[in-house]
Amino acid sequence: MVRLQLPDPAQRDTKYLASQERLVMMVRQHWAILLPVFLQTAGSVLLALVANVLFAAQDVDAGFITILLWYFALFMILRMLWKLADWQFDHLMITDKRLLKVSGIFFRKVQTMPLSKITDLTYNRDPMGRLLGYGEFVVESAGQDQALSNIKFLPRPDRLYLTLVDMTFGGAPSPAGDD
């Protein structure tokens, strides 16, 4: 049996690290970022199904509308699969020297910010983020606007925050636990 196995992001993207750089932590964005896409896809499939059943029950010949709705549902399914694959390939890497966000499937994009440039680090958690376990980082740096100024849907933000604070400013306490 042939088994398709995606490469481990840690092994695939170590090529972006400098020779003296050490990877401290790597995380993928929280799965909650995919919730709107999943709900939209489920809604489009449900709409096509309900329309198909209603038109069939009333003996209405609405073949064009039904086919159009099923093509739309197929488009939404393909879109969801693309977003899922994109999510699989995107991640945030924290090294002892910088913060990297690697994204893209065919065209890889690497955004970096040296830890020495970070002047302020804030994380926010809305009620849904507290419930599902994700947060948002707001990173301020010396100089102009940076590419990594706002990073949303990060899993375990307490642990990530303390790791970044410890590496950037030194001496953070150990995490007390998740909210």
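In what order do the 3 strands of the open sheet come? The close-ups below take that up first, and they show a predicted model.

**View 1. An open sheet built from β5, β6 and β7.** Here the 3 strands sit in the order β5-β6-β7, and their pairing is antiparallel. The edges belong to β5 (118–124) and β7 (150–155), each of which pairs on one side only. On average, neighbouring strands of this sheet are turned by 25° against each other, ignoring direction.

**View 2. Zooming in on β5 and β6.** Strand β6 covers residues 134–141, and 6 bridges join it to β5 in the antiparallel sense. For one of the partners to look for, start at D120: its bridge partner in β6 is E140.

**View 3. A helix laid over the sheet.** Helix α5, made of residues 157–169, lies across β5, β6 and β7. Set against β5, the helix runs at about 170°.

**View 4. Strand β2 and its two partners.** Now to another set of strands. Strand β1 (residues 23–27) pairs with β2 in the antiparallel sense, over 4 bridges. Look for M26, which stands opposite M93 in β2. Strand β3 (residues 98–103) also pairs with β2, again antiparallel and over 4 bridges. Here I94 has L99 in β3 as its bridge partner. Just 2 residues lie between β2 and β3, and the two strands form a hairpin.

**View 5. Which way do the side chains of β2 point?** H91, M93 and T95 go one way, while L92 and I94 go the other. That fits a general pattern: in a regular strand, side chains alternate between the two faces of the sheet. Is β2 buried or exposed? Strand β2 (residues 91–95) is largely enclosed by the rest of the structure, because 5 of its 5 residues are buried.

**View 6. W70 on helix α3.** W70 belongs to helix α3, which spans residues 63–89. With a relative accessible area of 34%, W70 counts as partly exposed, because that label covers values between 20% and 50%. Leaving out neighbours within four places in sequence, W70 is in contact with V45, A48, L49 and N52. Take N52: 18 residues separate it from W70 along the chain, and their C-alpha atoms are 9.0 Å apart.

**View 7. T66, also on helix α3.** T66 lies in helix α3 too. T66 is buried, as its relative accessible area is 10%, and buried means under 20%. Not counting residues up to four places away in sequence, T66 touches N52 and F55. So N52 turns up again: both W70 and T66 are in contact with N52.

Conventions: Residues numbered from 1 in each chain as written. Predicted model: local features only at pLDDT ≥ 70, side-chain atom pairs only at ≥ 80, totals over all residues. Heavy atoms only, no water. Buried < 20%, exposed > 50% of the residue type's maximum accessible area, 1.4 Å probe, protein only. Contact = heavy atoms within 4.5 Å. Pairing = 2+ DSSP bridges. Axes fitted to C-alpha atoms, helices over the stretch in contact; angles between N-to-C directions.
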